[in-house]
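Okay, hi everyone, thanks for making room for me today. Have a look at the structure on the screen, and I'll talk you through a few places in it.

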Amino acid sequence: MALEPRQTSPWGRFPAWARSIPVAVEAWLEEEREQLALWAPVALGAGIAAWFALPDPAGWLSFCCAMLALACGACLVPEGMRLRKLLLVCGLLATAGCLLVWGKAAWSGTPPLARPVFAEMAAEVEAVQAVPAQKMVRLLVRPEGRPDLPKRVRVNLDEGHVPEGLGRGALVQFRARLMPPAPPAVPGGYDFAQRAYFLGIGATGRALAPVTVLRAAKSGPTLRARLFDHILHRVDGHGAGIAAAFATGDQGAISEADAEAMRRSGLAHLLSISGLHVTALIGAVIFLLLKLMALNRWAALHWPLMLIAAAGGALAGIGYTLLTGAEVPTVRSCVAALLVLGGLAMGRDAITLRLVAAGALVVLLVWPEALVGPSFQMSFAAVIAIVALAEHRRFRSSTAARDEAVWRKGVRAGVAALATGAAVELVLAPIALFHFHQAGMLGAFANLLAIPLTTFVVMPLEAVALLLDIVGLGAPFWWLVGHALDLLLMIAHGVAASPMAVVMAPAHSGGVFTLIVLGGLWGLLWRTRWRWLGLLPVTVGMGLILTASPPEILVTGDGRHVAVRTPGGGMAILRDRAGDYVRDTLSESAGHDGDLAAIATLPGARCSTDLCAVRLRSGRGDWQLLATRSAMLVDRPALEPACAQADIVVSDRRLPFWCRPRWFRADGRLLARTGGLAIDLESGTARTVLRPGDRHPWIPAQRSRRGRYPSRPRQL
């Protein structure tokens with residue numbers, strides 16, 4: 001009725017073709033009416049993402065005003081239209097999302113330490129986490145009597161220097177070198193500073209021996225820590241760390257080689273307590289409770305067995321979530337499982353996208369900062385892909401139960417599992433390329449073997465072993481767990497060794513990633529033929545990622561490490577003694593899968609102890625790069641002509657004014673404002689970690705000042 005050309009209707013003044021547009025939109029929304037509620041967490045997440053993307057309070061307020069204007073504009077749409085309600089609700093939710101994360105950042109975040117310091121402190125221990133793979137212990141402490149330090153500090157302590165009586169609640173005294181939480185080393189790198197701000201960590205560092213216990217811990221290790229230590233001592237071989245991660249969610253005992261193999265093979269999700277683990281536990285508890293209660297005739301005839309079993313499964317899921325640290329994937333899985341159990345108890349079909357949307361709303365309302373992390377994005381993207389595929393009528397018809405031979409059922413189950421794994425890999429690929437600059441290509445095949453092995457062999461054996469350890473009879477089952485985990489690692493290392501295991505891509509902008517995410521959501525959440533329009537932005541975005549040229553020069557934020565692209569497509573690093581973390585960061589950001597050579601070994605490179613000059617080639621000609629590689633002072637007669645002959649000069653110190661290269665100088669003064677750099681010589685541009693005027697609270701004040709940023713080279 002709202003669209004009819006009545007005398008009082010505003011639509012009557014428009015021509016027929018104009019009136020047909022809202023009619024068509026309303027008809028389309030009517031067909032999609034069951035899917036409209038799924039966009040509620042998307043709208044809330046859009047507001048949260050806008051707060052992270054926009055640099056300062058003026059931008060955040062402008063976004064809120066724009067969304068409120070959208071909501072007010074929706075009131076001009078005639079009443080009764082679904083478009084009116086959709087625009088109104090989305091505008092209000094987007095505003096609420098921006099204000100929610102803004103308020104949480106202002107209320108509960110911890111500002112970072114202003115500059116690196118050496119400090120001696122007495123501090124109360126909040127948490128102790130053992131990291132056997134790195135032979136250290138990680139402490140979370142609250143300094144006392146030091147108002148100049150953040151309220152919460154995380155320090156690492158060597159295993160050999162751990163004193164007696166160290167534990168939660170202990171008062172310790174030590175000296176440490178503290179630093180602000182690290183921002184991304186290069187554009188596209190991992191932003192620990194952002195995550196630490198919301199975790200309440202204002203500084204990180206290493207505690208120097210000796211560490212004195214002024215007051216011993218009154219309580220022993222937590223249940224999680226005791227369980228972690230118990231499993232490590234019961235399982236032999238490299239699988240001990242994985243067994244501990246399955247039970248506690250703590251991955252500190254997994255070696256770097258095994259963790260890298262799990263990542264490259266697409267099995268890293270098994271190490272994070274998420275839907276697979278929570279579902280397996282709750283399903284096992286429900287199955288056992290139903291079978292045990294059904295043994296009693298009176299209970300089977302008079303008790304609501306499904307309701308009781310669902311309650312038991314819910315309690316088990318909540319306990320498992322609390323035991324494993326209540327990480328975002330675990331909480332999301334627990335919330336979803338509770339909704340499923342509630343639906344099953346009421347006799348409803350609970351496995352729907354509305355279930356996923358409800359879980360996403362709960363997580364975003366409590367932890368809005370989780371939206372920009374890979375854990376939230378990958379866990380929800382995988383579940384959306386699985387449920388959307390399961391709801392498709394053709395997939396349902398092909399997997400529906402039917403009377404046929406056993407081998408046919410097995411083939412159909414295998415094909416369905418492979419199709420599900422492939423769908424998940426396709427959905428997760430853009431997220432993995434954005435955050436980790438690599439995506440698994442063989443993960444579907446690896447998961448086809450690893451998920452049944454984990455769900456039906458490893459986890460049940462581990463649960464039985466833990467129960468039998470109460471009476472001291474768990475050793476045989478731990479032996480089986482160890483061999484099953486060896487098989488899992490063999491699968492991971494075998495797949496990871498394949499040259500087709502992963503595809504690499506250089507770091508790309510958030511705008512391209514946003515384009516892909518919106519296209520993917522459009523295609524997965526709608527049900528009519530218009531959903532196929534989502535393939536267009538996804539295809540464009542993936543094309544931009546896969547065809548993007550990597551930067552020729554990468555400079556870390558401290559100016560110490562420089563990586564350049566060689567003519568053969570490899571990468572070379574300035575300081576060949578750099579650690580694995582620096583090498584991995586530079587390789588991943590450049591989309592390079594291989595070892596880093598030394599710049600000094602490149603043809604035409606001229607390097608001394610203090611300076612290194614190398615000529616780089618691009619489509620725009622040759623470029624001369626000069627970099628300092630020591631802390632020693634270089635005399636002006638040697639440095640000034642070298643600077644004049646160079647196009648780009650990179651240094652970790654503040655260079656004098658007379659060092660004037662032909663393009664720009666990235667010394668300590670500039671890098672303090674820009675952070676790490678990714679320099680593209682083809683286009684003559686440089687991307688930076690820090691943006692001018694960025695006022696997010698985890699950015700140190702001295703780094704948020706507006707400064708001169710390199711944009712394009714001068715004509716040479």
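Let's start with helix α7, which runs over residues 240–248. How many of its residues are buried? The count is 9 of the 9, so this helix is largely enclosed by the rest of the structure. If you want to click along with me, the buried residues of α7 include Ala-240, Gly-241 and Ile-242 towards the start of the list, and also Phe-246, Ala-247 and Thr-248. Just after α7 you get to Gly-249, which takes a positive phi of about 80°.

I should say right away that this is a predicted model, so please keep that in mind for everything I show.

Now on to another helix, α8, residues 256–264. Which of its residues are buried? They are Asp-258, Ala-259, Ala-261, Met-262 and Arg-264. Notice that Asp-258 and Arg-264 are both on that list. And what covers them? The cover over the buried residues of α8 includes α18, residues 475–496, and β7, residues 502–504. α8 also has a glycine with a positive phi following it: that's Gly-266, with phi near 80°.

Okay, zooming out for a minute. The protein has 716 residues, and they're arranged with 23 helices and 18 strands. If you draw a box around the C-alpha atoms along the principal axes, you get roughly 95 × 85 × 55 Å. How does the radius of gyration fit with a compact globule? For 716 residues, a compact globule would be near 27 Å, and the protein has 29 Å, which agrees. Of the residues, 46% count as buried. The accessible surface comes to about 36,000 Å², and 63% of that belongs to carbon and sulfur atoms. Another number to write down: take the contacts between residues at least 6 apart in sequence, and 63% of them join residues at least 24 apart.

Next, some backbone oddities. Here's the background: most residues other than glycine have a negative phi, and most peptide bonds are trans. So let's look at some exceptions.

Lys-135 is not a glycine, but it has a positive phi of about 55°. You'll find Lys-135 in the loop between β1 (117–131) and β2 (136–144). Is Lys-135 buried or exposed? Its relative accessible area is 60%, so Lys-135 is exposed.

Then there's His-437, with a phi near 65°, again a positive value in a residue other than glycine. His-437 also sits in a loop, the one between α16 (406–435) and β6 (438–440). But here the relative accessibility is 3%, so His-437 counts as buried.

And the peptide bond: Ala-209 and Pro-210 are joined by a cis one, with omega about 5°. Where is Pro-210? In strand β5, residues 203–215.

Let's stay with α16 for a moment, since Val-427 lies in that helix. Val-427 has a relative accessible area of 24%, so it's partly exposed. Leaving aside neighbours within four places in sequence, Val-427 is in contact with Ala-381, Ala-385 and Leu-524. Try finding Val-517 too: Val-427 and Val-517 are 90 residues apart along the chain, and their C-alpha atoms are separated by 9.3 Å.

A cysteine for comparison: Cys-64 is in helix α3, residues 57–74. With a relative accessible area of 5%, Cys-64 is buried. What does Cys-64 touch, not counting residues up to four places away? The answer is Thr-95, Cys-98 and Leu-99. Going the other way along the chain, Gly-47 is 17 residues from Cys-64 in sequence and 8.1 Å from it in space, C-alpha to C-alpha.

Last stop, the cavities. Searching the whole structure for cavities of 30 Å³ or more turns up 1. Its volume is about 30 Å³. The lining is Val-562, Leu-574, Ile-599, Cys-612, Val-614, Leu-625 and Ala-627. Two strands each give two or more residues to that lining, β13 (611–618) and β14 (621–628). By class, the lining has 7 nonpolar residues, no polar ones and no charged ones.

That's my tour. Any questions?

Terms used
Residues are numbered from 1 along each chain as its sequence is written. This is a predicted model: local features need pLDDT of at least 70, side-chain atom pairs count only at pLDDT 80 or more; totals for chains, interfaces and linings use all residues. Side-chain values use heavy atoms; hydrogens and water are left out. On a 1 Å grid over the protein atoms alone, a cavity is a set of points where a 1.4 Å probe fits but cannot get out, and a pocket is an open set with protein on both sides within 12 Å along at least five of seven lines; lining residues have an atom within 4 Å of a point. Grid points are joined across faces, edges and corners, and a volume is the space filled by probe spheres set on the points. Helices (H or I, at least four residues) and strands (E, at least two) are DSSP runs, numbered from the N terminus. Ala, Val, Leu, Ile, Met, Phe, Trp, Tyr, Cys and Pro count as nonpolar, Asp, Glu, Lys and Arg as charged, and the others, Gly among them, as polar. The radius of gyration is taken over C-alpha atoms; the globule rule is 2.2 Å times the number of residues to the power 0.38. Buried means under 20% relative accessible area, exposed over 50%, partly exposed in between (1.4 Å probe, protein chains only). Contact means heavy atoms within 4.5 Å. Accessible areas come from the Shrake-Rupley method with a 1.4 Å probe; for residues, only the protein chains shown count as cover.
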